[in-house]
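Hi everyone, thanks for making time for this. I'd like to walk you through a protein that may be new to you, so please have the picture open while I talk.

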Amino acid sequence: MTTVADLPTPALLLDLDRLDANIAGMADRCFRLGVSLRPHLKTHKCVEIARRQRANGARGVTVSTLYEAQVFADHGFHDITWAFPLILNRLQEAERLADRVQLRLTIDSQPAWEALVRCGHPFHVWLKIDCGYHRAGMDPAALETMTLARKLADSPGLTFDGLLTHSGHAYAATSRGEIKRIAEQERRTVADLRERLAADGIHVAASVGSTPAMSVVTSLDGVTEARPGNYVFYDATQVALGSCCAATCAVTVLASVVSRQAGAGHCVVDAGALAMSKDEGPPRPRPTMGRIFAEYDSGVLHQEMHLRFLSQEHGIVTAPLPVGSRVRILPNHSCLTTACCKISSHRRSSLQAYFQVLGSAPDLQEWGLLLQQAQRCTSPTVCSRSSPHERTGHRCKYAQYRPRQ
Ligand SMILES: Cc1ncc(COP(=O)(O)O)c(C=O)c1O
């Protein structure tokens, strides 16, 4: 029987017990807040996990790329919000996909609306609103926003789904109180605008969501759905923000010490940037490239020892551990880490229930390549013809998990 101690490293481990608890916890939270849950799948990009979310009451899903939308559509997900400002040159592909599933697009500009009207396809459309993050989305107070909302509502053929916003600025908050204020700002922004539109005879839904905001919010009055994503795994950033504790984090990177030199205060592990991602995470309690578990089961993190620097394949740990020893690292950003690695997942209670991605796992560099291909390719078919998918015989990280033989 394979155990964690036997696994070749670096390995991305997924704890199914924690995953299931996180999925159930957010579903329950949304139910109690009176909103439906449309989870963002970019965190895991995995059909099996999405199925678990759907079995726990998720109504529809959210994706960040058209490729994700295509792959999840192929696997029986028929209500998909592409929560990314519309890429005008992908409209024809979106149209093809919308012929077979309910694809909801997101726009925040007049040119995007004009492109939709020219295209003539009866798309469902969200209007993206800026709730203070200032990344994308229209100013809720601007006249142009009301004007574009009116145009959407009056466009024959288009269905104006509603207002969509994302409180990504919650990640920069320095206290729980500040996250609460941001969550309330997000709620109020879309609820107020929704009310103003209703007074104008435009009745639409309102969609919010980030994991930090969803972990503190106590009222979502005026909101109809939430789109958190990271909560399925959580990570060191969410621990620092107080969204969860380390014992709830479901994704870890198992790494081995490969070098320690006499007199050095550090050692080198085999988890570099291609295993972890280079997300710097929160500056508090101190800057790290990943925290290290002192005790995984009880969720105790080392206070002094951590992953400090990353080069492509090397990771520098701030303690001179012996060569051959292993560390279990809590990544700063599980979405990016998962996008870098292959997954071997396990259920702590029954180690025989190991799972591995279907097909022979490519090495980490190849996974990086697969992801780039996935972003670029126009359809899974093109992708499988021109990418390493063919060589590895599976569809990169969208493959379903299969129990290990
Ligand atoms: C538009 C949008 N909605 C929802 C989410 C989910 O946020 P989180 O991963 O914090 O749950 C994201 C994450 O980046 C996003 O960009």
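Let's begin with strand β12, residues 290-295, which pairs with β15 in the antiparallel sense over two bridges. If you want one spot to look at, take I292: its bridge partner in β15 is I329. I should say right away that this is a predicted model, so please keep that in mind throughout.

Now stay with I329, because this residue is also the bridge partner of V253. V253 brings us to β10, and β10 and β15 pair in the antiparallel sense too, over four bridges. As for β15 itself, residues 326-330, four of its five residues are buried, so the strand is largely enclosed by the rest of the structure.

From β10, which covers residues 251-259, we can step across to β1. These two strands are antiparallel again, joined over four bridges. A handy landmark here is L13, which stands opposite T252 in β10.

So how many of the five residues of β1 are buried? Five of the five, for residues 11-15, so β1 is largely enclosed by the rest of the structure. As a reminder, in a regular strand the side chains alternate between the two faces of the sheet. In β1, A11, L13 and D15 point one way, while L12 and L14 point the other way, and all are buried.

Let's move to another sheet. This one is open and has eight strands, in the order β2-β9-β8-β7-β6-β5-β4-β3, with parallel pairing. The edge strands are β2, residues 36-37, and β3, residues 61-63, and each of them pairs on one side only. At the β3 end, three bridges join β3 to β4, and the two run parallel. You can find the place by looking for V63, which stands opposite W82 in β4.

Next, a helix. α4 spans residues 91-98, and its buried residues are L91, E93, A94, L97 and A98. Those residues cover an arc of only 160° around the axis, which puts them on the same side of α4. If you'd like the general idea behind that, an α-helix has 3.6 residues a turn, so residues three or four places apart point the same way. Turn to the other side of α4 and you meet Q92 and R96, which are exposed. What do the buried residues of α4 pack against? They pack against α3 (66-74), β5 (102-107) and α5 (110-119).

Then there is the largest pocket, with a volume of about 700 Å³. It is lined by 35 residues, and nearest its centre lie K42, Y133, R135, H166 and Y171. Among the elements contributing to the lining are β4 (79-85) and α9 (236-241), each supplying at least two residues.

While we're at α9, have a look at T237, which sits in that helix. Is T237 buried or exposed? Its relative accessible area is 10%, so T237 is buried, as the cut-off for buried is under 20%. Leaving out residues up to four places away in sequence, T237 touches Y171, G281, P282 and N332. You'll remember Y171 as one of the residues nearest the centre of the largest pocket.

Just ahead of α9 there is a loop, running between β9 (225-226) and α9, and P228 lies in it. P228 has a relative accessible area of 0%, so P228 is buried. Its contacts, again not counting residues up to four places away in sequence, are M26, L37, P39, H40, G209, S210, T211 and M214. There is also a C-alpha distance to note: P228 and S215 are 13 residues apart along the chain, and their C-alpha atoms are separated by 9.6 Å.

A quick word on cysteines. The structure holds zero disulfides. C30 is at 1% relative accessibility, so it counts as buried, and C46, also at 1%, counts as buried.

Let me finish with the whole protein. There are 14 helices and 18 strands, and of the 405 residues, 56% are buried. Looking at contacts between residues at least 6 apart in sequence, 66% join residues at least 24 apart. Thanks for listening, and I'm happy to go back to any part of the picture.

Notes. Residues are numbered from 1 along each chain as its sequence is written. This is a predicted model: local features need pLDDT of at least 70, side-chain atom pairs count only at pLDDT 80 or more; totals for chains, interfaces and linings use all residues. Side-chain values use heavy atoms; hydrogens and water are left out. Buried means under 20% relative accessible area, exposed over 50%, partly exposed in between (1.4 Å probe, protein chains only). Two strands pair if DSSP finds at least two bridges between them. A disulfide is a pair of cysteine sulfur atoms within 2.5 Å. The arc is that of the directions from the helix axis to the C-beta atoms. Contact means heavy atoms within 4.5 Å. On a 1 Å grid over the protein atoms alone, a cavity is a set of points where a 1.4 Å probe fits but cannot get out, and a pocket is an open set with protein on both sides within 12 Å along at least five of seven lines; lining residues have an atom within 4 Å of a point. Grid points are joined across faces, edges and corners, and a volume is the space filled by probe spheres set on the points.
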